[in-house]
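Me: Could you walk me through a few backbone oddities and one sheet in this structure? Keep it casual.

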Amino acid sequence: MTAPPIFEVLRSAGAARRGRLRTAHGVVETPAFMPVGTLGAVKGLGPAQLRETGAQVMLANLFHLSLRPGVEQIAGLGGLHRFTGWTGPILTDSGGFQIWSLTGLRRVDDGGVTFRSPHDGRLLRFEPEGVVRDQVAMGVDVAMVLDECTAWPVSEGEAAVSLERTLAWARRAKEEKDRLPAHHTLVFGIVQGSFYPGLRRRAVEELRELELDGYAIGGVSVGEPKERAREVVDQVAPLLPVDRPRYLMGVGTPDDIVRAVAAGIDLFDCVLPSRNARHGYLFTREGVVRIHNGTFREDTRPLDESCDCSTCRTTSRAFLHHLFRAGEITAEVLATVHNVRFYLDFMGRLREALELGRTDLPAAPPSPPQPRSSSAGGPQHEPPQRPGGR
């Protein structure tokens, strides 16, 4: 009996796709948003709470997990699923963006990246083969290859040199995957090339030849104007294989997601819902609630009457306002439950529209402003609030 495909498109509406990604730890209905759990947990949520929000898949980060507690310890304790208690699919980013952020602490060469730990100054080395081995050792469902992320702005010559390195690393990663004993981990390549159409096109052409399990668009959350990022998505998405999942890294706002889904993107991640929750910026269908505002001091309504998350079912705006003003950590937990659920419900409405063949996708709700800890354009992952931390 033939095994079902790893990914299949169930319905199309224009360029948009309603799909299904199969992994060893469950099916992911796409388009899907992946809450960011850098160290194995979405900040403020345990695995049971994350499941309650309706999350299908969690994103963790090899770079941070390598620093602490270490890949060897995680593997020895039964892998990342057993270690964290999250039983659904896990995608791990390789940490290329985080290494790129370590200005003055890293050295990139054709073989890989040497960097100093932001925790204790240890000299560490990432190479494309080891990055694949480590993610497989942790038993994750989707592993990202090591890539080099270029800054904004960057010259075309510099971007071309960087792209050559990233493509060579992808080839080495694929060879390593094929050499490893049987395992269930899928490996995704990353399309780089900055904002130069010729480089992006070349990246897609060479990565397609590797026949990887999926393809991501990287390097569009590095401080560039939003329109430049959207141009890259519109150019690259139709060039990617139809029968493979497409992942837009580090994006983003609901409006960005709607536009990218319309262009044919299937997977998304961003710290925006959880980070904004911790700052008291809460999504509702009517707009953004800034819960610190004194107007909510005696507001007995739920945060969002159309939401059935546990926060909206049990907690008033007045109580949330009180908790935030008092600096109570419970406020951040309750807010994060809601914001993550809001994002996932929004993705569910997009999937429903695509199932009906609609090209007029649901309008995106208004997005709150980025908190001050965010870099311009929205970072791929949340900037550390302590050295290397989340």
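Me: Where is the place of Glu 211?

Reply: Quick caveat before anything else: this is a predicted model. As for Glu 211, the two elements around it are H8 and strand E12 (214–217). Its place is in the loop between H8 and E12.

Me: Is Glu 211 buried or exposed?

Reply: The cut-off to beat is over 50% relative accessible area for exposed. Glu 211 comes out at 59%, so it counts as exposed. Its backbone is a bit odd as well: although Glu 211 is not a glycine, its phi is positive, about 50°. Most residues other than glycine have a negative phi. Anyway, the word you asked for is exposed.

Me: And Ser 194, is that one buried or exposed?

Reply: Ser 194 sits in the loop between strand E11 (186–191) and helix H8 (197–209). Its phi is positive too, about 55°, and Ser 194 isn't a glycine either. Buried means under 20%. With a relative accessibility of 3%, Ser 194 is therefore buried.

Me: Which residue does a cis peptide bond join to Thr 30?

Reply: Omega is about 5° for this bond, and it's cis. Most peptide bonds are trans. The partner is found in the loop between E3 and strand E4 (32–35). That residue is Pro 31.

Me: What is omega near for the peptide bond from Val 251 to Gly 252?

Reply: Gly 252 is located in the loop between strand E13 (246–248) and helix H10 (254–263). The bond leading into Gly 252 from Val 251 is cis. Its omega is near 0°.

Me: On to the sheet: what order do the three strands have?

Reply: It's an open sheet with antiparallel pairing. Strand E1 (7–13) and strand E3 (26–30) are the edge strands, each pairing on one side only. From one strand to the next, the twist averages 10°. The order is E1-E2-E3.

Me: Which residue in E3 does Arg 20 stand opposite?

Reply: Strand E2 (residues 16–23) pairs with E3 over five bridges, in the antiparallel sense. Across in E3, the residue opposite Arg 20 is Glu 29.

Me: Which helix lies across E1, E2 and E3?

Reply: The one you want covers residues 329–355. It runs at about 115° to E2. That's helix H14.

Me: Last one: what is the relative accessible area of Asp 299?

Reply: Asp 299 is in the loop between strand E16 (287–290) and helix H12 (310–314). Leaving out residues up to four places away in sequence, Asp 299 touches Ser 316, Arg 317 and Ala 318. Asp 299 is buried, with a relative accessible area of 11%.

Key: Residues numbered from 1 in each chain as written. Predicted model: local features only at pLDDT ≥ 70, side-chain atom pairs only at ≥ 80, totals over all residues. Heavy atoms only, no water. Pairing = 2+ DSSP bridges. Helix = DSSP H or I, 4+ residues; strand = E, 2+ residues; numbered from the N terminus. Axes fitted to C-alpha atoms, helices over the stretch in contact; angles between N-to-C directions. Contact = heavy atoms within 4.5 Å. Buried < 20%, exposed > 50% of the residue type's maximum accessible area, 1.4 Å probe, protein only.
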